[in-house]
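Trainee: Could you take one part of this structure and go through it closely with me, step by step? I would also like to see how that part fits into the rest of the chain.

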Amino acid sequence: MALLTLQAVSLGFGGPALLDGADLQIEPGERICLIGRNGAGKSTLLKLINGDLPPDSGTITRTPGIKTALLNQEVPPELTGSVYDCVAAGLPPGDARQRDQQVRTILSRMNLDDQADCGALSAGLKRRVGLARALAAAPDILLLDEPTNHLDIDAILWMEQFLLRSGGTLLFVTHDRAFLKKLATRIVEIDRAKLRSFPGDYEIYLDRRRELIESEAAQNAKFDKHLKQEEAWLRQGVKARRTRNEGRVRALLAMRAEVERRRAGIGSLRAVLQEAERSGRLIIEAKAVRFAYDERVIVDDLFATVMRGDKVGIIGPNGSGKTTLLRLLLGELAPRSGTLRHGVRLQVAYYDQLRAQLDESKTLQQNIVDDGDTVIVNGKPRHVIGYLQDFLFTPAQARAPITTLSGGERNRLLLARLFTQPSNLLVLDEPTNDLDVEALELLEAMLIDYTGTVLLVSHDRTFLNDVATSTLVFEGEGRFSEYVGGYDDWLRQRPPETEGKPAPKEKKGKPRAPIASPRKLTFKEQRERESLPEAIEAIEQERQALYTALADPALYKSAGAEVAGMQSRLDQLEQDLTAAYARWEWLEEKAGV
């Protein structure tokens, strides 16, 4: 039995409807990811389901006694006082002893200090407290709006595992594709005020969505061709008005109305990075660089060489000094010791994660060109309104103050401003925050094609994997070490002692002891190694069969009660497959293969 059902729900705030006859059904145990463009209405839908907003029309049916809890996109300002008090505030009035037990149980599960001052916590820990408050009341459906915002990679990994272990029903919004792939059992997309469901994983969603877009385009083209023929017939004049043709005229008028009702897609971002004169081959060279604020060491003994065309990802926990490292590498801060050398003909474009380059008192247009109306793109003038339309801003938005923009729209504006600057060294400090998935993928493609050099701070694992050619990783006590490739490449290369704790600093002149050569496999291990490929194939076949079954919309009408069990089995198969591959790789390595 469905926990919650939306039927023909519509909602708008004066402009085009955010939801128009939307239908949705949430089954127990589902983990649904809600996808859509910035401003499409994802947060609004979460508030509707949480009961914070009433629909304009349609019905929302809840199972009697059902409880929902919402973790908002931004850290709520009311998170003040002790952690215990902040979490307890999420519980309804009741027995004091029972409330105390509920709060302490959730604090223990989430490894939070009950006496810590919420106001003094990092943004990441505040997100964890907000999640604890949402979970304290044991909701039947947990609603998460961009839960990875403000979290570093370690915190995101923790949240993934926590939510998977909890086994609850989730409806969440995220731009983090790795997080999405790990958690989602179904994807629901908001597109032109409608909800479309895509059971299965992210890759299945992309394939089916592409098919739907192609099918819709073909149907619209066929419809428009027929309408054009009917319009030509009507222009013939009086013959079209004879009694026997009145039905054809009425049909034509209905076709016109259908075209008027048809909501065009939002369109795609169209942006180009402007490249400046080619820089020298060497971009930045750091030798034994050290930097500290008073006695606090931020960067210690840094050795790094950045060459033209490198795309360097920078990874580390919140507060580890990544932004300071950027400023140091750019020469905005002087090292306490060591040498820092820059190449020639460098032209830098800097993307600031705090959006400090945007002037709140000005319109979008003024933030791009001040008091002018023309922007130069690759040597050619363009009107700023048309340029902003490439970034999906309407002419009305372009003339409005930026205070009207959402977080994702502000990031798009900052990118629009950044891309007016010719550069050969692009510095991006957390550029993926709040961007929708399509904007992220466009930015990725642009950076991959960019022939200049990129310094990139990000907690987005997929983004780092797709863009970075090397990574500088914080490993404790101010040390940043360089690895080839992106995030997954670092995981494979990092020393074993960095898994879960910083590696001890090596003493000068004392190299590490050589690693002992691998031992031979036992007879039992050899048999296991030989049988694992067949076992892995069996798991993959069962997993694919479940994916196929869950991708059939008819399943949700005829076997709704079985869906949660199938999804639970799918989760178990994913874990079994990961464990089997890890075991097989370990045995292969031990065998010297």
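Mentor: A salt bridge is counted here when a side-chain nitrogen of Lys or Arg lies within 4 Å of a carboxyl oxygen of Asp or Glu. Please keep in mind throughout that the model is a predicted one. With that cut-off in hand, look at arginine 461 and glutamate 160, which form a salt bridge whose closest N and O atoms are 2.5 Å apart. The two partners come from distant parts of the chain, since glutamate 160 sits in helix 5 while arginine 461 belongs to helix 15 (residues 461–467), and 301 residues separate them.

It is worth asking whether each partner is buried or exposed, and for this we need the cut-off that a residue is called buried when its relative accessible area is under 20%. Arginine 461 counts as buried because its relative accessibility is 6%, and glutamate 160 counts as buried too because its relative accessibility is 3%.

Let us now stay with the helix that carries glutamate 160. Helix 5 covers residues 153–166, which makes 14 residues, and the span from its first C-alpha to its last is 20 Å, close to the 20 Å expected at 1.5 Å a residue. Glutamate 160 has company among the buried residues of helix 5, which include Ile153, Ala155, Ile156, Trp158, Met159, Phe162 and Leu163. At the N-terminal end of helix 5 you will find aspartate 152 acting as a cap, with a side-chain oxygen 3.3 Å from the backbone nitrogen of aspartate 154. Following the helix in the other direction brings you to glycine 167, which comes after helix 5 and has a positive phi, near 70 degrees.

That positive phi belongs to a glycine, but a positive value also turns up in residues of other kinds. Alanine 138 has a phi near 50 degrees, and its place is the loop between helix 4 (123–136) and strand 6 (141–145). Glutamate 430, with a phi near 55 degrees, is likewise in a loop, the one that runs between strand 17 (425–429) and helix 14 (437–449). Their surroundings can be read from their accessible areas: alanine 138 is partly exposed because its relative accessible area is 48%, whereas glutamate 430 is buried because its value is 7%.

Returning to the salt bridges, the pair we began with belongs to a wider set, for a search of the whole structure finds 19 of them. Another of these joins arginine 341 to glutamate 285, with the closest N and O atoms 3.1 Å apart. Arginine 341 lies in strand 13 (residues 337–342) and glutamate 285 in strand 10 (residues 282–293), so this pair ties together parts that are 56 residues apart in sequence. Here the two partners fall into separate classes, because glutamate 285 is buried with a relative accessible area of 17%, while arginine 341 is partly exposed at 48%.

A further salt bridge links glutamate 332 with arginine 327, and in this pair the closest N and O atoms are 3.3 Å apart. Glutamate 332 counts as partly exposed because its relative accessibility is 46%, and arginine 327 also counts as partly exposed, at 30%. Elsewhere, Glu189, Asp191, Arg192 and Arg196 are connected with one another in a network of salt bridges.

A charged side chain can also make a polar contact, and aspartate 52 gives an example, since its side chain makes one with the side chain of asparagine 50 at 3.1 Å. Aspartate 52 is located in the loop between helix 1 (42–50) and strand 4 (57–62). If its neighbours within four places in sequence are set aside, aspartate 52 is in contact with Lys47 and Leu70.

Finally, step back to the whole protein chain, which has 19 helices and 20 strands. Of its 593 residues, 46% are buried, and glutamate 160 and arginine 461 both count as buried residues because their relative accessibilities are 3% and 6%. When you take the contacts between residues at least 6 apart in sequence, 67% join residues that are at least 24 apart. The accessible surface of the chain comes to about 29700 Å², and carbon and sulfur atoms account for 51% of that surface.

Conventions:
Residues numbered from 1 in each chain as written. Predicted model: local features only at pLDDT ≥ 70, side-chain atom pairs only at ≥ 80, totals over all residues. Heavy atoms only, no water. Helix = DSSP H or I, 4+ residues; strand = E, 2+ residues; numbered from the N terminus. Buried < 20%, exposed > 50% of the residue type's maximum accessible area, 1.4 Å probe, protein only. Expected span 1.5 Å × (residues − 1). Polar contact = N/O pair within 3.5 Å; in protein donor to acceptor, adjacent residues only side chain to side chain. Contact = heavy atoms within 4.5 Å. Areas by Shrake-Rupley, 256 points an atom, 1.4 Å probe, with all protein chains shown as cover.
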